[in-house]
Every structure is written in C-alpha cells, then in structure tokens.
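Colleague: I am new to this structure and would like to go through it slowly, one question at a time. Could you take me through the reasoning behind each answer?

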Amino acid sequence: MTAAGPRAGHRPPAAARTVFAAAHVVADPRADTPVDGPAAIDWDATLAFRHHLWSHGLGVAEAMDTAQRGMGLDWPAAAELIRRSAAEARTVGGLLACGAGTDQLPAHGASLAAVRGAYEEQLGLVEDAGARPVLMASRQLAAAATGPADYLELYGHLLRQATGPVILHWLGPMFDPALEGYWGSPDLDAATETFLRIIADHPGKVDGVKVSLLDAGREVRLRRRLPAGVRCYTGDDFHYPELIAGDDHGFSHALLGVFDPLAPLAAEAVRLLDPAVPGDPADRGDPAAFRAALDPTVALARHLFQAPTRYYKTGVVLLAWLAGHQSHFTMVGGLQSARSLPHLRRAYQLADGLGLFPDPELAAARMRQLLAVYGEADV
C-alpha cells in the first residue's frame, strides 16, 4: 500500500483500524460521449476528492465498485485512474489500494485462459504503480468457471506471481448479479470453504479479505477463521459500526463505499477506537463513543444501498455534489438517472440531519435546483 507519512495539515490514519473509503469518480459533463461510450473523467475534481479523503486520514480504495467499475468506468479509464491516483498518493503519503479485475474482456464468452491473462495485465499495472492490489471478483470468471477447482487454480496462480500481499475481494450478487455462485458454489458455506482454502494455501500472500455480503453474522464467522495476520476488511454497508467495533474475539477493518460521503465523520469516529496508551493490546479505545458517533449514520447507508444495491453510486455522487466536492450531478454511463427523485430527496434529508454538508445553504440550494428540473419545489 502506498504510504510514506501524511503531509502537513493532513490527519494521520487511525492506529487501531486500517480504513479505506472506496472513492467515486467525477464525470466530465461537457464531454460529447455516448452513455455506453468511453468514460469521460474530470481528472482535477476526481483527484481532488482523493486528497479530501487522505486529508482526513482515510485510505483510498481506487478503481473499485464505487468508481463504477463495470457500470460506466471502462478499463482504459480505470487504468489511467490507478496511475494518476498512485502518483497523487505519493505526494502526500496517502494509503492506496487499487482494484485489479478482468473488465477489459467481453462480458460473455471469455475462456479461463483469457480471464487469467486479463487479471495478470491489471495486477501488473497496479503493482507497477506502487499500490496494494485488490483482486476484484470477476464477472468473466463467474461465467467461465465450472466449479471450485477453477477458482483454486486461477487464484493460486495469481497469488504465486504477485510481488507482495494482495487483498481478496468477495462481492455478493446484491452488488452485482453476475457474481452469483462465486468461489464455485451458490451455497455460501461451500463458497466460504473454497475462499478459506485459497488463503491457507498461500501464506504471506494475502494481506486481507474484503467481504461485501451484507451478512454480519457470516462475516464474523469468516473473520474468526482467518489465519493470523490476515485482515478482514468489512464491505458491509449495513452493519459496519458493529463489525468495526468488534468483540472479544476480534474486529473488522474497513473498505467501504459508504465512507465516501461519510469521510470526515467516519474518520473521527474510528479514531475513538485508538488506545489511550499506544501499543497496549488490552486498551480497545472507547467502543461506546465510537458506536455513538457512527450508529446514527446507518439509516443513511441503508437508504443509499437499498435494493437494487448496485445503484448506490448515484446517491454517493449526489451527496458529493451537494457537499461541494464537484460542480455538477452527472455520472459516467448516465447513472445519475438510476435512482428516483424521492430517493434522492430522502438521501439529502438524511445527510443534512447528520451534518455532513460543510455548507448547508449550498446543499439546500443545489437540491432545490435538482428538484426544480423535475417540477418540484419543496426540499
């Protein structure tokens, strides 16, 4: 992971948890490109948002699901995003992990050999950029694999050739229906056994696992079975406070899309888990204060990630616009139209109630502008 110490004026990362915010991309609204064409990115605004996250001491999970991988962000744009973000991370000592997948392949019909080659290309680019790779769940692998053996062979090959530890990514079908049956079985218990075997068979090659199944109990059971030194990064945008707080047997770190809009609040909350005496394993910080700070955000998270969950990015970008991080509410692939007006209005109300907007008057004015386009007037 890229990290060389925070720049002056930046908050240091929390000590007790490793926390990544999966960051969205800012579209270029002036680009004359079709909805299904190459992604047009506003690079200045996109990279400025990464600096916003780093300034609060959060890591950036780059080119992940939140950045619309497979939903508007094509591989050439993702590759450029990884290179640019890695260069920016080095200027501030920012923590950075980047998604490596297979989305340069056609959606259907790829062979296992083609899937392996696509992974190798993206893994090599992330490593060359100096970032920690996240081996993303692959639609093409889910379509081509015939059972657990194909996952064991392919992931084993990638882990053996990786130059350093990687993060394994388990994204449930609620985030991407094409990932149904990942790890070789629709039975999650059977899938878990394959997942754990891959980790056990390659000691020292897995930094952690990013789990997005929206099932807190299953994540806890998995976390307790991970080998020593392998982190569990929760991707559960419904139950993150309890999972990060943990219990007497352990806790989850975090790699969360919802921490994109929650960044300042989330960063301060996680610091409440830092020990008062650094290095004291018995000092778990103040879990009660952490929960008091973060629990009120769950209503917003559950709203943003309500079914169809994969369209949560629309609410995330709306809140970035309302908070002043970008000048428009436009998304690559035209995804700004993926949620209803009542959904967007409620997202604004919940975020405003949490005090997430640096300039509440600007947020209210922009929300009124959006409503007026649709013939509405009342925020």
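Colleague: Are W321 and F329 buried or exposed?

Modeller: This is a predicted model, and the burial classes rest on relative accessible area, with under 20% counting as buried and over 50% as exposed. Judged in that way, W321 and F329 both come out as buried.

Colleague: How are the rings of W321 and F329 arranged, stacked or edge-to-face?

Modeller: The ring centres of W321 and F329 lie 6.0 Å apart, and their planes meet at 10°. Planes under 30 degrees apart are the condition for one class and planes over 60 for the other. With an angle of 10°, the pair of W321 and F329 is therefore stacked.

Colleague: Which arrangement do Y151 and Y182 show, stacked or edge-to-face?

Modeller: The structure holds 15 aromatic pairs, and Y151 with Y182 is one of them. Their rings stand 4.9 Å apart, centre to centre, with 75° between the planes. Both Y151 and Y182 are buried, and their pair is edge-to-face.

Colleague: How many residues apart in sequence are the parts that the pair of Y151 and Y182 ties together?

Modeller: Y151 belongs to helix α5, residues 148-161, whereas Y182 sits in the loop between β5 and α6 (188-200). Because the two rings come from these two places, the pair ties together parts whose separation in sequence is 31 residues.

Colleague: Which residues form one aromatic cluster together with Y151 and Y182?

Modeller: The cluster contains both members of the edge-to-face pair, Y151 and Y182. Its other members are Y119, Y155, W170, W183 and F195.

Colleague: Which helix gives the largest share of the largest nonpolar core?

Modeller: That core has 121 residues, and those touching the most other members are L135, Y155, L168, Y182, Y240 and F259. There is also a second, separate core of 11 residues, including F20, A22, A97 and M136. Within the largest core, the largest share is nine residues, and they come from the helix spanning residues 75-92, which is α2.

Colleague: What does L135 touch, leaving aside its neighbours within four places in sequence?

Modeller: L135 is among the residues of the largest core that touch the most other members. Apart from its sequence neighbours, the contacts of L135 are A100, Y119, L123, Y155, L158, L159, V166, I167, L168 and H169.

Colleague: Which residues lie nearest the centre of the largest cavity?

Modeller: A search of the whole structure finds one cavity of 30 Å³ or more, and the largest cavity has a volume of about 80 Å³. Its lining divides into eight nonpolar, five polar and three charged residues, with β5 (166-171), β6 (206-212) and β8 (253-256) each supplying at least two. Of the 16 lining residues, those nearest the centre are D65, T66, K210, G257 and Y312.

Colleague: Which residues lie nearest the centre of the largest pocket?

Modeller: The largest pocket holds about 440 Å³ of space, and its lining has 13 nonpolar, eight polar and seven charged residues. Out of these 28 lining residues, the ones nearest the centre are R69, G70, M71, D103 and R139.

Colleague: Is T314 buried or exposed?

Modeller: T314 is part of helix α12, and beyond four places in sequence it touches F329, M331, L335, Q336, A338, R339 and L344. The relative accessibility of T314 is 0%, so this residue counts as buried.

Colleague: What class of exposure does Y311 have?

Modeller: Y311 lies in the loop between α11 (298-304) and α12 (312-322), where it touches M71, L335, A338 and R339 when residues up to four places away in sequence are not counted. Its relative accessible area is 23%, while buried would require under 20% and exposed over 50%. Y311 is therefore partly exposed.

Colleague: Which peptide bond is cis, with omega near -5°?

Modeller: The place to look is the loop between α11 and α12, where P308 is found. The bond with omega near -5° leads into this proline, running from A307 to P308.

Colleague: What is the phi of A63, a residue other than glycine?

Modeller: A63 lies in the loop between β2 (59-62) and α2, and with a relative accessible area of 0% it is buried. Its phi is positive, with a value near 55°.

Note on methods: Residues numbered from 1 in each chain as written. Predicted model: local features only at pLDDT ≥ 70, side-chain atom pairs only at ≥ 80, totals over all residues. Heavy atoms only, no water. Core = buried A, V, L, I, M, F, W, Y, C linked by side-chain atoms within 4.5 Å. Buried < 20%, exposed > 50% of the residue type's maximum accessible area, 1.4 Å probe, protein only. Helix = DSSP H or I, 4+ residues; strand = E, 2+ residues; numbered from the N terminus. Contact = heavy atoms within 4.5 Å. 1 Å grid on protein atoms, 1.4 Å probe; cavity = no way out; pocket = protein on both sides within 12 Å on 5 of 7 lines; lining within 4 Å. Points joined across faces, edges and corners; volume = space filled by probe spheres on them. Nonpolar A, V, L, I, M, F, W, Y, C, P; charged D, E, K, R; others polar. Phe/Tyr/Trp six-rings, centres within 6.5 Å; stacked < 30°, edge-to-face > 60°.
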